[in-house]
Amino acid sequence: MPPSVKTETDQGFNQGQGFPPFNASRRRQPPPKLKKPASHYRHLVRWNKNQIPESIEEQQMNQDLVLLRQALDLFLNSHMVECEEMLAKGPIPVTTTDARTNPTAAAAASTAAAQKAAEALGDLKLEDSKKNQEEEDNLSNETSSSASSNMGEKNSSSGSSTESGKKGDTDKATPKAMYYELGKGIVQGFKALLTFNPEEIELGMKAFDQAIKTANKQRKGTMIGLGSAMAVGSFVMGTIGAGSFRSMNRVQKHAELIYAEATILRSLLSVLYHIDLWMVFEECINLRHAFTIIQGLKSFMDSVESELRAGKNIDRHQIDEHLVSGVTLSYSLYNIIISFLPEFMVKMLQFIGFPSDRDWGMAMLSACGDWDPMAPPDTPAEHAERLASSANDGIRRQFCDMVPVIFQVIVSSFIPMNHIDLSYAQMINDYNLERFPESPFFLFFKGRHLQITSKLDQAVEVYNSVKVQPQWHNLNHILVFEEMMCAMMQADHDTACEKSRQLLKESRWSKCTFRYLTAITGYERGKQSEKKKIDNLMVKVEDGMQKVAGMNIFFETFCARKSKRFEQEGRLLLPCYDFMLLWNTFDMMPPKVLQKALVTISAEVRRLQAMLPQKMKDREDQPLATNDQTIEAFSGGYLSSMFSNKNAILKDSKVENYENFYDDYCLAFFLQGLVAYHIAFFPEEEFNRDMCELALESFHTVFRYAPLIKDDTYTYYFSHYYKAKIWIHQGRLDEARTRFRYLLGLSNTNLLGLPALVGGKGRNSLELFVLLKVHSGLLDIETAKAAIAESQV
């Protein structure tokens with residue numbers, strides 16, 4: 001149990017010890033020390049792409065890979081429609097001419113494939129010149145839906161023709177374009193994520209089903225096994241040994257990889273599509289089955305790497321850049337994603353064989369692109385060599401680059417992470433922008449990099465520069481959302497309201513959230529003429545909630561509860577700043593914007609202080625809870641044991657016509673403390689002692705009045721979190737760890753004696769968000785302790 005508020009105040013900031021004169025940079029941190037070295041599988045590539053293989057299946061796969069590489073380039077460079085058209089036309093069948101007797105004929109198909117891709121690329125400028133802006137503006141959402149439907153029909157017809165081609169005597173001679181099916185599934189799956197349309201998700205699942213069936217037909221006979229029986233078997237038996245892959249030819253190895261990848265991606269779409277927990281359990285079994293294949297391929301790569309180190313010839317294994325990038329991407333993602341789960345879940349998954357090493361996973365992805373965070377920038381010669389490297393041709397190569405950038409510039413802004421190096425992420429992203437200058441993905445990452453380094457205006461300029469084809473206008477919603485958040489940070493309520501209305505009208509991601517955002521941005525504008533629209537939107541917020549894997553989404557729950565409050569009281573306190581807490585945007589705000597926010601929030605603090613009942617002001621020097629403690633003193637039970645004079649306090653604390661006064665009172669002080677904290681510890685700026693004192697005073701006010709909170713209990717939890725962060729800055733690591741562990745104990749809200757929880761309506765809707773931050777804070781403490789121990793050696 002934490003010490004009392006009075007004791008903390010006496011022992012806290014007034015000591016004045018441990019704070020550095022200048023704040024450290026959160027923009028660049030040293031890379032982690034790995035528990036085991038990351039493998040460099042790219043050095044295992046021994047495939048001669050100029051040599052014509054004897055197998056008709058391998059010839060077909062080589063040709064498909066050439067075309068798909070070009071299709072992927074189109075997709076990454078903002079030509080999604082042309083990519084879809086290329087995939088819809090299907091593969092060019094390779095002739096059955098024996099390559100050993102007529103190699104020219106065998107090479108002709110590969111040359112034709114390259115010419116086909118080159119023609120598609122060359123026609124882009126001509127096609128773009130024929131398009132005019134008026135036609136683009138007139139394209140409606142129905143056009144996009146029609147394109148999606150047509151794509152689904154093409155997928156179905158392609159799948160049907162593939163199945164019919166596999167019948168009869170021609171089954172052995174007809175090639176199976178498994179990479180084409182995987183490409184169709186990825187495009188359709190990405191479109192489903194953008195639209196969040198159940199029909200699009202179902203089409204994506206069907207596309208991956210076709211990819212699974214096609215890949216399964218080219219797997220080695222002893223490895224084939226569809227359905228839950230095989231999945232359960234691999235779940236129980238563990239992984240597939242490296243020896244199983246040594247006896248496979250090159251096509252069979254790729255079939256195993258595609259089978260596993262399509263299974264993983266289909267399972268993820270299935271979790272979004274179905275709302276029952278039983279389906280989640282079934283998909284977890286499928287994910288485990290896919291992992292056994294990925295881990296087996298990884299073990300195979302490790303054994304080949306051992307051969308290479310021993311000086312043996314590894315040419316016979318025929319490892320290519322596509323297999324290397326695929327195994328690296330899949331196995332690294334398993335390590336990274338599982339590492340974000342709560343500790344008890346991580347231990348349970350490790351027990352059944354799943355890996356969980358985020359730093360090692362990131363290092364593996366860096367090794368795939370030959371990136372070194374500690375190396376100096378490439379020389380012109382090294383840069384040219386990197387651009388010309390055959391490793392760039394790997395189908396999954398750019399995705400291996402995307403993952404570290406995503407975690408550096410997106411995930412780290414939601415969940416505090418160790419070893420953040422934004423300059424390293426920028427280096428990777430700039431390299432890919434040179435290859436794909438019109439890419440909406442890498443341009444978005446560039447904008448995010450500017451945004452999280454507090455260059456908001458420059459970020460908006462980059463977002464506005466992104467050009468997206470009208471048929472893929474849903475991709476633009478990501479950019480619109482970021483523009484809206486930048487406007488909310490700068491208190492530009494007009495722009496924020498305009499962008500939120502656009503999202504509400506066009507996007508299907510979360511009607512609940514977009515209705516709430518449109519309402520609060522209009523509410524902040526303060527126009528009386530919009531009051532009726534705001535009221536109507538708030539009433540509809542809860543109706544727009546949706547479930548993923550049978551559970552509500554935490555930010556939708558937050559929006560629904562706030563809208564209920566608005567319906568009851570007709571007001572909300574600083575709703576935009578309150579919502580921005582979910583997106584952790586206070587970390588991105590530059591000092592001038594933070595100062596502007598502090599002025600606005602402090603004005604609300606003074607207004608609420610004036611409304612505080614006089615009898616409560618007279619009690620300022622008296623504790624509200626037993627033994628000089630705040631709501632930590634829950635061991636005795638409910639209100640009767642929490643307050644020394646409960647009835648008198650409840651009577652004196654009432655505010656006329658303001659039922660949730662103390663929710664707003666604590667929220668205002670928390671936001672004031674939060675902004676003051678970020679000003680005090682703004683990276684690479686001089687430490688601001690006055691702002692640090694204001695932050696601590698504000699958090700202590702939240703602790704004092706927290707027993708009177710009815711709904712917004714998250715302000716109490718977050719106040720503890722940021723106070724512990726101040727202790728970390730001060731070097732009081734053991735006390736900060738105690739506070740974090742205390743918060744983990746409060747994650748079970750049934751143990752807490754809050755009045756709101758007793759009434760059954762005050763559950764912390766941001767509990768998961770708090771827990772993620774706390775776990776990251778514990779990692780920060782361990783890292784700081786390790787650094788101290790190392791410096792003392």
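The expected span of a helix is 1.5 Å times one less than its number of residues. Keep that handy for helix H23 (residues 511-525): it has 15 residues, and its first and last C-alpha atoms sit 21 Å apart, close to the 21 Å expected. One thing to know up front is that this is a predicted model. Below is a quick tour of two helices, a helix pair, some salt bridges and a few loop residues.

**Helix H23 and what surrounds it**

- Plenty of H23 is tucked away: Cys-512, Thr-513, Phe-514, Tyr-516, Leu-517, Thr-518, Ala-519, Ile-520, Thr-521 and Gly-522 are buried.
- Those buried residues pack against helix H21 (476-489), helix H22 (493-506), helix H24 (531-540), helix H25 (554-569) and helix H26 (575-580).
- Just after H23 comes Gly-526, which has a positive phi, near 75°.

**Helix H32**

- The same length check works for helix H32 (residues 689-705): its 17 residues should span 24 Å at 1.5 Å a residue, and the end C-alpha atoms are 25 Å apart, which agrees.
- H32 is mostly covered, with 12 of its 17 residues buried.
- The buried set starts with Met-691, Cys-692, Ala-695 and Leu-696, and goes on through Ser-698, Phe-699, His-700, Thr-701, Val-702, Phe-703, Arg-704 and Tyr-705.
- At the start of H32, Asn-688 points a side-chain oxygen to within 3.2 Å of the backbone nitrogen of Asp-690.

**The H19 and H20 pair**

- Helix H19 (residues 440-452) and helix H20 (residues 456-465) have axes that come within 7 Å and cross at roughly 170°.
- That crossing angle makes H19 roughly antiparallel to H20, because angles over 145 degrees count that way.
- On the H19 side, the residues in contact are Leu-443, Phe-444, Lys-446, Gly-447, Arg-448, Leu-450 and Gln-451.
- Their partners in H20 are Leu-456, Gln-458, Ala-459, Val-462 and Tyr-463.

**Salt bridges**

- There are 36 salt bridges in the structure, and a few of them are worth a look.
- Arg-69 and Asp-73 join up through their side chains, with N to O at 2.7 Å. Both belong to helix H2 (residues 56-76) and are four residues apart, about one turn of the helix.
- Neither end of that pair is out in the open: Arg-69 is buried at a relative accessible area of 8%, and Asp-73 is buried at 18%.
- Arg-607 and Glu-604 also form a salt bridge, their closest N and O atoms being 2.8 Å apart. They are three residues apart in helix H27 (residues 591-611), so about one helical turn separates them.
- Here both residues count as partly exposed, Arg-607 at 37% relative accessibility and Glu-604 at 21%.
- As background for both of these pairs, an α-helix has 3.6 residues a turn, so residues three or four places apart point the same way.
- Glu-283 pairs with Arg-266, and their closest N and O atoms are 3.7 Å apart. Glu-283 lies in helix H12 (residues 277-309) and Arg-266 in helix H11 (residues 250-273), so this salt bridge ties together parts that are 17 residues apart in sequence.
- Glu-283 counts as buried, at 3% relative accessibility.
- Salt bridges also link Lys-562, Arg-565, Asp-578, Asp-663, Asp-664 and Asp-712 into a network.

**Loop residues to check**

- Phe-196 is not a glycine, yet its phi is positive, about 55°. You'll find Phe-196 in the loop between helix H7 (178-195) and helix H8 (198-216).
- Asn-584, again not a glycine, has a positive phi of about 55°. Asn-584 belongs to the loop between H26 and H27, and at 4% relative accessibility it counts as buried.
- Asp-320 occupies the loop between H12 and helix H13 (321-338), where it is buried with a relative accessible area of 0%.
- A polar atom of the Asp-320 side chain lies 3.1 Å from the backbone nitrogen of His-322.
- Leaving out residues up to four places away in sequence, Asp-320 touches Val-45, Trp-47, Arg-250 and His-254.

Notes
Residues numbered from 1 in each chain as written. Predicted model: local features only at pLDDT ≥ 70, side-chain atom pairs only at ≥ 80, totals over all residues. Heavy atoms only, no water. Salt bridge = Lys/Arg side-chain N within 4 Å of Asp/Glu carboxyl O. Helix = DSSP H or I, 4+ residues; strand = E, 2+ residues; numbered from the N terminus. Buried < 20%, exposed > 50% of the residue type's maximum accessible area, 1.4 Å probe, protein only. Polar contact = N/O pair within 3.5 Å; in protein donor to acceptor, adjacent residues only side chain to side chain. Axes fitted to C-alpha atoms, helices over the stretch in contact; angles between N-to-C directions. Parallel < 35°, antiparallel > 145°, perpendicular 65-115°, else oblique. Contact = heavy atoms within 4.5 Å.
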